[in-house]
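Got the viewer open? Keep the selection box handy, and we'll go through this one stop at a time.

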Amino acid sequence: MIKVLAAGLWMSATMLLSGYGTTQYLAAQKRVGDEEPAFVGLDYETVKPVNVPILSDGILQGYVVIKMVFTADGDTLRRLPVPPHPFLVDEAFRVLYSDETLDFRGLERYDLEALTARLKRTTNARLGQSVVHDVLVEEFNYFDKDDVITH
């Protein structure tokens, strides 16, 4: 009977000590992890749609509408004094408005890879640092002026 009681006390003491040791170890690990900076990663930022009027022979033909998303480091975005969104919208408008190769009747042939690379390069140049990692196109459409409802 004494052997069973001693074994029970031994097992109880061992369980209590191992539980205490485990909690102390986990608490120490959390304190070490708090000192290290957390990985923020890339943020996906949505940009307002860009509406570009298409003129041919001085007459409004319609509008090209592009919706974009860009990726950027979250920590870098928070440290910027000015958000990059308006710069990207402005660059997209300038590029599409002045592009003589833009065939609004055949947008499926437009080189989106070159467009996004150029937007990334020129936006980062205007910001003075590499903020925009990638520009993604959500939508790229042409609307004829007769299809647009005006009020």
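What follows is a short tour of strands, salt bridges and an aromatic pair.

Before you click, note that this is a predicted model, where local features need pLDDT of at least 70 and side-chain atom pairs count only at pLDDT 80 or more, while totals for chains, interfaces and linings use all residues. Residues are numbered from 1 along each chain as its sequence is written, and side-chain values use heavy atoms, with hydrogens and water left out.

**Stop 1: the strands**

Select residues 59-73, which make up strand 3. Here, helices (H or I, at least four residues) and strands (E, at least two) are DSSP runs, numbered from the N terminus. Two strands pair if DSSP finds at least two bridges between them.

Now add residues 42-46: this is strand 1, and it pairs with strand 3 in the antiparallel sense over 5 bridges. To see one of the contacts, pick L42 and look across to its bridge partner D73 in strand 3.

Next, add strand 2, residues 50-56, which is also antiparallel to strand 3, over 7 bridges. Click N51 and you'll find V65 of strand 3 standing opposite. How many residues lie between strand 2 and strand 3 in their hairpin? There are 2, and D57 in that turn has a positive phi of about 55 degrees.

Finally, bring in strand 4 (residues 132-144), which pairs with strand 3 in the antiparallel sense over 11 bridges. Select A72 to see V132 of strand 4 opposite.

**Stop 2: a salt bridge between strands**

Stay with strands 3 and 4 and show the side chains of K67 and E139. They form a salt bridge (a side-chain nitrogen of Lys or Arg within 4 Å of a carboxyl oxygen of Asp or Glu), with the closest N and O atoms 3.8 Å apart. In the chain, the two are distant: E139 sits in strand 4 and K67 in strand 3, 72 residues apart.

Are they buried or exposed? Neither extreme: E139 is partly exposed at 36% relative accessibility, and K67 is partly exposed at 27%. The cut-offs are under 20% relative accessible area for buried and over 50% for exposed, with partly exposed in between (1.4 Å probe, protein chains only).

The count for the structure comes to 5 salt bridges.

**Stop 3: a network on helix 3**

Select residues 85-98, helix 3, and show D90 and R94. Their salt bridge has its closest N and O atoms 2.6 Å apart. The two are 4 residues apart in helix 3, so about one helical turn separates them. D90 is partly exposed, at 24% relative accessibility.

Now add E91 and R126, a salt bridge with closest N and O atoms 2.8 Å apart. This pair links distant parts of the chain: R126 is in helix 4 (residues 112-127) and E91 in helix 3, 35 residues apart. R126 is partly exposed at 37%, whereas E91 is buried at 9%. Keep all of these selected: salt bridges that share partners join D90, E91, R94 and R126 into one network.

**Stop 4: the aromatic pair**

A search of the whole structure finds 1 aromatic pair. Select F93 and Y97: their ring centres are 5.6 Å apart and their planes are at 10 degrees, so the pair is stacked. Rings of Phe, Tyr and Trp (its six-membered ring) pair if their centres lie within 6.5 Å; planes under 30 degrees apart count as stacked, over 60 as edge-to-face and the rest as tilted.

F93 and Y97 are 4 residues apart in helix 3, so they too are separated by about one helical turn. F93 is partly exposed at 30% relative accessible area, and Y97 is partly exposed at 44%.
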